[in-house]
Amino acid sequence: MKIDNLFNIQDKVAIVTGGSRGIGEMIAAGFLANGAKVYISARKAPALVDKAKELSDKYNQECIPISCDLSSMNGIEEFTNEIQNKEKGIDFLINNAGAAWGEPLESFSEGGWDKVMDLNVKSLFFLTQKFKNLLLNNASVEDPSRVINIGSIDGLNVPSMETYSYGASKAAVHHLTRVLAAKLVKENILVNAIAPGPYPSAMLGSAVNHDYSEIAKRNPRKRVGTPEDMAGLAIFLCSRAGAYTVGETITSDGGIVKTASHNLS
Ligand SMILES: NC(=O)c1ccc[n+]([C@@H]2O[C@H](COP(=O)([O-])OP(=O)(O)OC[C@H]3O[C@@H](n4cnc5c(N)ncnc54)[C@H](OP(=O)(O)O)[C@@H]3O)[C@@H](O)[C@H]2O)c1
């Protein structure tokens, strides 16, 4: 019952897509700080390689960069093949890489629809399919392998911005999480989702000019999310403590989704 046992992820092998910054970096840092080996991926190689070195040095732990574009099947195959050449098994797959697109309904483009759906939904599905064997190799009844899909509160609430494909893609992520959880729990792979609220990142920052003060003021907790909030939840889901939690979509949003109706009245 000691914390060291309940939340232990020492020597586990993790993959965090989109780990070069933002929420992916927060999760990668939490894993590294607690003794896991972490592969991070992103398209822009220089930033990715620099981040892997920074995190390896900071936590004295192996962080390996693999640059790839996960929005195409070719990119997904290159990425999964490269990991297969390096590892016999993996413990955690964190499907985090995602994109957003905003445009008025009347002019919303096919490109903005496909970009978001391809990365947020299609790529997450095929990454899980192609990593299944490596996850299986490290999975047991006592210590199942884990998949965490990063959804969004925009897939639970109706978003205030005109991000039609984004909200729909994240609702799909949450449902796909349940569908995949039902299939894979029988094989000792546990699938859950995290639905973040506002976390400082390039994605959210570009929507608010990197000024989070208004968002913080409106949040029930009067702040945005921190790396500790995100890493702590991911570690819970990946450790012994989370081994009976299956198919859930857990919000990490300061209470936006669950207290919205109370705060309106
Ligand atoms: N921040 C928030 O408030 C918030 C709230 C709810 C949900 N989320 C979700 O959290 C996840 C991470 O978002 P974030 O806010 O941390 O965004 P971010 O700062 O923009 O980071 C996105 C990451 O994904 C990578 N990426 C983007 N397109 C890619 C592609 N085609 N192939 C491979 N990697 C790609 C980026 O690197 P490159 O650009 O170099 O490829 C980067 O590492 C997303 O799924 C997002 O929807 C975020």
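**Exercise 1. Follow Phe 31 into the core.**
Task: Find which residues Phe 31 contacts, leaving aside its neighbours within four places in sequence.

Solution.
- Step 1. Phe 31 is in contact with Ile 9, Ala 14, Val 16, Ala 36, Val 38, Phe 92, Ile 94, Ala 234, Ile 235 and Cys 238, once neighbours within four places in sequence are set aside. The model is predicted.
- Step 2. Place these contacts in a wider setting. The largest nonpolar core has 30 residues. Phe 31 is among those with the most contacts inside it, along with Ile 27, Val 38 and Ile 94.
- Step 3. Name the suppliers. At least two residues of this core come from each of S1, H2, S2, helix H3 (45-59), strand S4 (92-95), S5 and helix H9 (227-238). H2 gives the largest share, seven residues.
- Step 4. Look beyond this core. Another core, of 29 residues, lies apart from it. Its members include Ile 66, Cys 68, Ile 90 and Val 173.

**Exercise 2. Describe helix H2.**
Task: State how far H2 reaches from its first C-alpha to its last, and how many of its residues are buried.

Solution.
- Step 1. H2 covers residues 22-33, twelve in number. Its span is 17 Å, close to the 16 Å expected at 1.5 Å a residue.
- Step 2. Ten of the twelve residues are buried, so H2 is largely enclosed by the rest of the structure.
- Step 3. List the buried residues of H2: Gly 22, Ile 23, Gly 24, Met 26, Ile 27, Ala 28, Ala 29, Gly 30, Phe 31 and Leu 32.
- Step 4. Step past the helix. Gly 35, just after H2, has a positive phi of about 90 degrees.

**Exercise 3. Lay out the sheet.**
Task: Give the strand order of the open sheet, then say which strands stand at the edges.

Solution.
- Step 1. Seven strands run in the order S3-S2-S1-S4-S5-S6-S7, with parallel pairing.
- Step 2. The edges are strand S3 (63-67) and strand S7 (249-252). Each has a single partner strand, so one side of each is left without a neighbour in the sheet.
- Step 3. From one strand to the next, the twist averages 20 degrees.
- Step 4. Zoom in on S7. Strand S6 (residues 189-196) pairs with S7 in the parallel sense over four bridges. Ile 194 stands opposite Ile 250 in S7.
- Step 5. Add helices. Helix H6 (residues 164-184) packs on the sheet and touches strand S5 (145-150), S6 and S7. The direction of H6 makes about 165 degrees with that of S6. Helix H4 (residues 73-86) lies across strand S1 (13-17), strand S2 (37-42) and S3. H4 runs at about 145 degrees to S3.

**Exercise 4. Check the cysteines.**
Task: Explain why Cys 63 and Cys 68 do not form a bond.

Solution.
- Step 1. The cut-off for a disulfide is two cysteine sulfur atoms within 2.5 Å.
- Step 2. The closest cysteine sulfur to that of Cys 63 is in Cys 68, 14 Å away, too far for a bond.
- Step 3. Check burial. Cys 63 counts as buried at 7% relative accessibility. Cys 68 is buried too, at 8%.
- Step 4. Widen the search. The whole structure holds zero disulfides.

**Exercise 5. Place Thr 245.**
Task: Decide whether Thr 245 is buried or exposed, and where it is found.

Solution.
- Step 1. Thr 245 is found in the loop between H9 and S7.
- Step 2. The relative accessible area of Thr 245 is 16%, so this residue is buried.
- Step 3. Thr 245 touches Leu 190, Asn 192, Phe 236, Leu 237 and Ile 250, not counting residues up to four places away in sequence.

Notes. Residues numbered from 1 in each chain as written. Predicted model: local features only at pLDDT ≥ 70, side-chain atom pairs only at ≥ 80, totals over all residues. Heavy atoms only, no water. Pairing = 2+ DSSP bridges. Axes fitted to C-alpha atoms, helices over the stretch in contact; angles between N-to-C directions. Contact = heavy atoms within 4.5 Å. Expected span 1.5 Å × (residues − 1). Buried < 20%, exposed > 50% of the residue type's maximum accessible area, 1.4 Å probe, protein only. Core = buried A, V, L, I, M, F, W, Y, C linked by side-chain atoms within 4.5 Å.
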